[in-house]
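Work through the two exercises below with the sequence and the model open. Each task is followed by its solution.

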Amino acid sequence: MATRVIGAAGLARDLGNWRDPEGGAEASERRPHRPAYLALAEAVRLLIHDGRAPLGVALPSERDLAATLGVSRTTITSTYSLLREHGYLISRQGSRSTVALPPAVPHDGTKPARGIMALMAQPEVPTIDMTYASMSAPPQMQEAYTLALQGLPAFLGTHGMDPVGVLALREAVARRFTARGLPTDPDQILITLGAQHGLRLLLNVLTAPAARVLIEHPSYPNAIEAIRDVGARPVPVPLRPEHPQAGWDLDGIRSTARQTAASLAYLVPDFNNPTGLLLDAEGRAELTAIARDTRMTIVIDESMADLNVSGAEMPPPVAAFAKGQEIITIGSASKSFWGGLRVGWIRTHQSLITKLLGIRATVDLGTPVMDQLATVHLLENADAILEHRVELLRSQRATLLTALAEELPDWHVVPGAGGMSVWTQLPAPVSTAMAATAPNHGVLLAAGPRFGVQGAFERFLRLPYTHSESDLRLAVKAVAATYESLTPRAADPLQPLTCY
């Protein structure tokens, strides 16, 4: 298969003001004699750490990049040589130079368990767990289960195992889709044990070992692991918050699908996890056109769709723009109502549901009836429940953003339009080190590389705003203390190719 190539124009766009990224006379005085090749190498290195130059992708030819950037070819040659010397490029005879990471840079990020192990060694330090983005249950949860218990006798005379799902729940989910502008029949709905379970069923049916699955970058960590677990290969397309299409590089998605022959994609256009970005209606229409043109099926994860924190106008579901079977939608009650409510759904055509049921019989025999009945009552009262929960998230997000601005003013924060977290860019690539050190300061963090592939996002952290406002303020102080303890050795801009 042909190697993916970053075009010179696309790389130049991402590099931005690479000669003087901080701008201003003060920055020029700090680096009065910085060679162009050194500044360019540093800029490319940061793109690699941020996941904007995915691993294994080829950089433009020296001639093309020199012409696009308006520099000499010698500058590009020196840049590539320096990156190669430090392990950021791999060159093979007769092939283009491809993006890599040095062996010293971990490729898997830091799992929460590592931070928990560190916490066990420091039991006296109070901690705030910022590794998860999930809210506690709403007051209506107990009532929902009480009503579910009252409806349970109707099912006790049966075997209680329904792999398709209780009809009342499928009807409730179908009504929600229809109300959002996507007419849906209950027969198009398969009830699952959450969106993650639904994704895994789809991967088992729609992929094969070594198949390419296109993903946004960054993306939901458990989805990335699910793709890998079935033997498929996640192919990242960088999200760009500054992009006019609300962060989604649709041209990049189209070209990547063509270059890799990916037949499946997993995308979260409704408040992407972790960035909270929202794809607009125009972008959704173009996305479905890309799916048709490239014959690629797209799995749309709507787990966060109810959490419109910014109050932005919600576009119709992506599947509303489909003309065939190119869009499959998965959703969940876990983010909207409670993480402990393991109920989700797949919206697709009936022939695929039949195939999914064949796979499901080897994994589980259906979603618990009580949980399904409780979800029916929650969906019937969703508007009132979600209004309060979104208002709470809005207030907590404001607190988090204020605390970050006060404690870490040099961090760049992507607030997003909804969801449960903000995506923050650090001045130095110390995300994994912060996750390892943070328990000593009273907070658990999920390192940026957890949300990417092969070591990307060392300059990023996901910070959820699902805690109380007081805990969020304490958490940010702990994050600031952690960063301060690490950055003295990462602050010298004249050492551009040192790994941390």
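**Exercise 1.** Determine which side chain shares a polar contact of 3.1 Å with the side chain of Arg462, and describe the setting of Arg462.

Solution.
1. The partner is Asn273, whose side chain makes the 3.1 Å polar contact with that of Arg462 (N or O atoms within 3.5 Å; within protein, one able to donate a hydrogen and the other to accept it, and residues adjacent in sequence counting only if both atoms are side-chain atoms).
2. The backbone oxygen of Thr131 is also reached by the Arg462 side chain, at 3.1 Å.
3. Arg462 is buried (under 20% relative accessible area, 1.4 Å probe, protein chains only) but lacks a salt bridge, that is, a side-chain nitrogen of Lys or Arg within 4 Å of a carboxyl oxygen of Asp or Glu. The nearest side chain of opposite charge is Asp129, 8.0 Å away.

The model is predicted: local features need pLDDT of at least 70, side-chain atom pairs count only at pLDDT 80 or more, and totals for chains, interfaces and linings use all residues. Residues are numbered from 1 along each chain as its sequence is written, and side-chain values use heavy atoms, with hydrogens and water left out.

**Exercise 2.** Classify the ring pair of Trp423 and Phe457, then extend the search to Phe460.

Solution.
1. Rings of Phe, Tyr and Trp (its six-membered ring) pair if their centres lie within 6.5 Å; planes under 30 degrees apart are stacked, over 60 edge-to-face, the rest tilted. The count comes to five aromatic pairs.
2. Trp423 and Phe457 are edge-to-face, with 5.6 Å between centres and 75° between planes.
3. Phe457 and Phe460 have centres 5.8 Å apart and planes at 90°, so this pair is edge-to-face.
4. Ring pairs join Trp423, Phe451, Phe457 and Phe460 into a cluster.

Methods:
Buried < 20%, exposed > 50% of the residue type's maximum accessible area, 1.4 Å probe, protein only. Lys, Arg positive; Asp, Glu negative; His and termini not counted.
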